[in-house]
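User: I would like a close look at one part of this protein, its cysteines, with the charges and the overall fold as background. Please keep it brisk.

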Amino acid sequence: MKLTVYTGEYKTGSNILVDQNLNPGFETAGAGGDDVFANWDEFTPSSPGTDIVRDAVVFHGGAASCKLRNTVSASVYVELILTVVAQHVYRLSLWTKGSGSHSARFSIYDADNAKDIVPAARSCGVPQAAWTAFRYQFQAPPGCTQIYMSLHAPYAAGDVWVDDVSLIDQTAI
């Protein structure tokens, strides 16, 4: 697993993924093989029917999106490790679409306190086949300076797409 540590200037109110150059639109491909996207970690079981794809045909903005496929009720997801400020309020925003019956899911984990902020891969609630904006607001707990932000395939069989991800510090806007 890659660990990305941000050492630059933290900008309140801007997109942390852009500030930390973390490929929020899935435009930059990874090194190949299991490394599908630059800066993102990808997790797929070795089961047939699970896949993570850089989709250059179906996307919301830019030139690509992340397609997550699950046909065997497995855990399929992409993940970033992000630097945050404890007790600040953040807004996760992304564009997502389903294949008509299933929704993308997300989770947020506090790496410092070893505790879920958003547990159990919560549904984005967007099963429709049209691109739809999704937003979720949360507060980084006391002592939290790093989070794992994960975007998941549906647990049941289906395909979902995510694109144009942002995480905005809302505290000082």
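How many positive and negative side chains does the protein have, and how far apart do the centres of the two sets lie? Then take me to the cysteines.

Analyst: This is a predicted model. The protein carries 11 positive and 17 negative side chains. The centres of these two sets are 7 Å apart.

Now the fold around the cysteines. There is one helix, and there are 12 strands. The helix comes at the N-terminal end of the order, and the strands follow it. Of the contacts between residues at least 6 apart in sequence, 74% join residues at least 24 apart. The radius of gyration is 15 Å, which agrees with the value near 16 Å for a compact globule of 173 residues. The C-alpha atoms fill a box of roughly 40 × 30 × 30 Å along the principal axes. Buried residues account for 46% of the 173. The exposed area is about 7700 Å², and carbon and sulfur atoms supply 51% of that.

On to the cysteines. A disulfide is a covalent bond between the sulfur atoms of two cysteines. The whole structure has zero disulfides. The cut-off is a sulfur pair within 2.5 Å. Take Cys66. Its closest cysteine sulfur is in Cys124, 12 Å away, so the pair is too far apart for a bond. Cys66 has 0% relative accessibility and therefore counts as buried. Cys144 also has Cys124 as the closest cysteine by sulfur. Here the distance is 20 Å, again too far for a bond. Cys144 is buried, with a relative accessible area of 0%.

Note on methods. Residues numbered from 1 in each chain as written. Predicted model: local features only at pLDDT ≥ 70, side-chain atom pairs only at ≥ 80, totals over all residues. Heavy atoms only, no water. Helix = DSSP H or I, 4+ residues; strand = E, 2+ residues; numbered from the N terminus. Rg over C-alpha atoms; globule rule 2.2 N^0.38 Å. Buried < 20%, exposed > 50% of the residue type's maximum accessible area, 1.4 Å probe, protein only. Contact = heavy atoms within 4.5 Å. Areas by Shrake-Rupley, 256 points an atom, 1.4 Å probe, with all protein chains shown as cover. Lys, Arg positive; Asp, Glu negative; His and termini not counted. Charge placed at Lys NZ, Arg CZ, Asp CG, Glu CD.
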